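Got your viewer open? Let's take a walk through this protein, one selection at a time.

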Amino acid sequence: MEELKQRIQQAWQSLKVQELEGTRAQELYNQTVWPLLLELWRQEPQVYPLRETFEVSIHTLGTSPEATTLAALGLGATEVYVLHTPESRRYLEQLQRDLGRSVYPIEIDKSDVTRLYQAVGEQVRRHPGKKIALDLTSGTKAMSAGMAAAGYFLQRVYPSLRVAYVDNDAFDPALRKPVAGTEKLILLPNPHEVLGDLDEHLAQELYKAREFGKAADRYNGLRRKTGQGSFEVYAALCEMYQRWYALDFEGALSNAGRLFGFFGQDAYRNHPLSRHAPRLKAQKEGLEAIVALLQSKNFTEQKGILWLAATLLQLGDERKKRQPVSAALYFYRALELLLQHRLAVRGRSDDVPDLSPEEQEQLRRSLSGWLGKPLEEIRPVQKLGLLESIALLRHLGDPALGQFSESDLRGYQGMLQSRNKSLLIHGLEVSKGGDVEKLQQFARRLYQAAQEEAGLSVLVEPIELV
């Protein structure tokens with residue numbers, strides 16, 4: 001092999017000594033240098049970083065077919081497709097002769113990037129499961145750009161697909177050719193994969209769409225691909241919100257602890273997320289309060305109640321348009337939770353209200369007015385539903401419930417009564433848009449009053465990444 005390489009160098013030097021130009025130089029190159037190069041690449045293709053075997057190769061063909069020939073030899077595919085223009089069609093015969101085999105020609109316009117993209121996509125889809133290489137060396141700049149765009153995009157669907165390019169270590173401007181023997185086929189890395197910019201963009205879009213689990217998977221994949229630990233910090237954030245939104249508060253708190261573990265390391269002190277540390281710290285403390293509430297089951301724990309109610313309201317807000325039935329459940333539970341808290345701080349329970357005769361009478365009168373029914377049709381209250389809880393709290397002088405007028409409550413009573421009739425609770429009724437809107441409004445007003453009363457800042461919305 002070394003002897004063959006020396007012969008190529010000698011033939012090249014002999015060509016240079018004659019100082020030929022144009023057609024005569026090409027003729028002598030074809031006679032003396034090119035046959036030796038072909039022999040070298042047939043025996044030992046110069047492929048970097050390592051040679052791979054492909055089943056299909058797709059090439060662009062320009063007016064200098066030698067590079068396409070070397071690429072086809074280096075890729076060694078059993079099926080070779082050549083995208084050519086009307087101008088480069090005449091080189092197909094030479095290409096097939098040098099390869100010693102037939103190729104599949106596909107004609108396109110030299111600037112028709114769309115057609116090139118379609119043609120490449122069609123061939124890739126026609127060969128599922130096969131190793132495919134795209135060669136962008138020859139042809140017009142538009143053809144090479146289109147081939148690269150197609151290759152790097154299709155790699156996301158077909159990971160085994162590779163993009164290749166015939167490069168050289170030295171170029172002779174007089175002969176307008178690579179110095180013979182310096183040519184090499186390079187299997188190009190995908191910059192999207194190396195740098196991770198496309199995956200990072202997709203992760204950010206998933207995060208914005210509240211697809212936190214999928215965003216976390218993207219960031220964890222970026223950590224493996226690029227080796228950049230900063231992506232692991234983003235993954236921890238996404239996993240925190242994923243578990244939080246799934247009401248897995250202990251899991252979310254664990255991820256919050258992991259996130260602050262990163263912030264405590266020198267390598268991540270200047271991480272972009274660190275600028276949100278104060279708000280994230282407040283959210284971590286909010287998760288701690290929710291976990292404490294769930295463990296104690298003590299409805300008097302104001303901080304845990306407010307953070308949990310805010311979470312339920314946020315989930316309802318985000319589902320109101322797309323999933324009104326499930327949104328209604330979040331709003332109902334947030335409202336019920338706030339009422340349970342306000343009852344508990346007054347020593348009362350919705351399950352065992354322990355009503356005095358005076359309270360029993362007052363509740364029945366309130367319900368009669370709101371429901372528009374005669375007092376005798378209102379049965380004695382045994383347990384407190386939403387309306388009953390509101391009536392008792394108003395009787396007890398609760399300031400948050402005092403903001404609602406009698407006419408307000410008459411307007412809300414149908415929506416409040418329909419909770420147990422909901423399709424996802426006990427009944428077969430589907431929550432209507434108007435009822436969901438009223439329910440959201442009522443729960444929000446009660447929550448805001450409770451928040452102002454407590455003097456707490458509760459921000460459950462996910463932080464912005466950019």
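**Stop 1: an edge strand and its partner**

Before you click, note that this is a predicted model. Start by selecting strands β1 and β9: they run parallel and are joined by 2 bridges. Now pick Tyr-48 and look across to β9, where its bridge partner is Ile-186.

Stay on Tyr-48 and look at the bond to Pro-49. This is a cis peptide bond, with omega at about 0°. Pro-49 itself is found in the loop that links β1 and β2.

**Stop 2: the whole sheet**

From β9, step over to β6. These two strands pair in the antiparallel sense, over 6 bridges. To see one pairing, select Asp-167 and find its bridge partner in β9, Lys-184.

Next, colour the strands of the sheet. In what order do the 7 strands of this open sheet come? Reading across, you get β1-β9-β6-β5-β2-β3-β4, with mixed pairing. At the edges stand β1 (47–48) and β4 (104–107); each has a single partner strand, so one side of each is left without a neighbour in the sheet.

Now zoom in on β2 (residues 56–61) and β5 (residues 132–135). They pair in the parallel sense, over 4 bridges. Pick Ile-58 here and you'll find Leu-134 as its bridge partner in β5.

**Stop 3: two helices across the sheet**

Select residues 66–75 to light up helix α3. This helix lies across β1, β2, β5, β6 (162–168) and β9 (183–188), and it runs at about 170° to β2. How many of the residues of α3 are buried? The count is 10 of 10, so the helix is mostly covered. Click along α3 and you'll pass buried residues including Glu-66, Thr-68, Leu-70 and Leu-73. Just after the helix comes Gly-76, with a positive phi near 65°.

Then select residues 113–126, which is helix α5. This one lies across β2, β3, β4 and β5, and it runs at about 170° to β3.

**Stop 4: Glu-79**

Select Glu-79, in strand β3 (residues 79–84). Show side chains and look for Lys-130: a polar contact of 3.3 Å joins the two side chains. Which other residues does Glu-79 touch, leaving aside its neighbours within four places in sequence? Besides Lys-130, the contacts are Glu-55, Val-56, Ser-57, Arg-101, Tyr-104 and His-127.

**Stop 5: off to the helices further along**

Jump to Leu-247, in the loop between α10 (230–245) and α11. Phi here is near 65°, a positive value in a residue other than glycine. Leu-247 is partly exposed, with a relative accessible area of 35%.

Carry on into helix α11 (residues 249–263) and pick Asn-255. Is Asn-255 buried or exposed? Its relative accessibility is 5%, so Asn-255 counts as buried. Not counting residues up to four places away in sequence, Asn-255 touches Ala-236, Glu-239, Met-240 and Arg-243.

Next up is Asp-354, in the loop between α14 (324–344) and α15 (357–371). Asp-354 also has a positive phi, near 50°, in a residue other than glycine. With 66% relative accessibility, Asp-354 counts as exposed.

Then select Ile-390, in helix α16 (residues 386–395). Ile-390 has 0% relative accessibility, so this residue counts as buried. Keep Ile-390 selected and add Val-56: the two are 334 residues apart in sequence, and their C-alpha atoms are 73 Å apart in space.

**Stop 6: zoom out**

Time to bring back the whole protein, with its 19 helices and 9 strands. The radius of gyration is 36 Å, well over the 23 Å that the globule rule gives for 466 residues, so the protein is more spread out than a compact globule. Turn the model around and look along the principal axes: the C-alpha trace spans about 120 × 50 × 30 Å.

Finally, switch on the surface. The accessible surface comes to about 22800 Å², and 49% of that belongs to carbon and sulfur atoms. Buried residues make up 47% of the 466 residues. And if you count contacts with a separation of 6 or more, 65% of them are between residues 24 or more positions apart.

Methods
Residues are numbered from 1 along each chain as its sequence is written. This is a predicted model: local features need pLDDT of at least 70, side-chain atom pairs count only at pLDDT 80 or more; totals for chains, interfaces and linings use all residues. Side-chain values use heavy atoms; hydrogens and water are left out. A polar contact is a pair of N or O atoms within 3.5 Å; within protein, one must be able to donate a hydrogen and the other to accept it, and residues adjacent in sequence count only if both atoms are side-chain atoms. Contact means heavy atoms within 4.5 Å. Two strands pair if DSSP finds at least two bridges between them. Axes are lines fitted to C-alpha atoms, for helices over the stretch in contact, and angles run from 0 to 180 degrees between N-to-C directions. Buried means under 20% relative accessible area, exposed over 50%, partly exposed in between (1.4 Å probe, protein chains only). The radius of gyration is taken over C-alpha atoms; the globule rule is 2.2 Å times the number of residues to the power 0.38. Accessible areas come from the Shrake-Rupley method with a 1.4 Å probe; for residues, only the protein chains shown count as cover.
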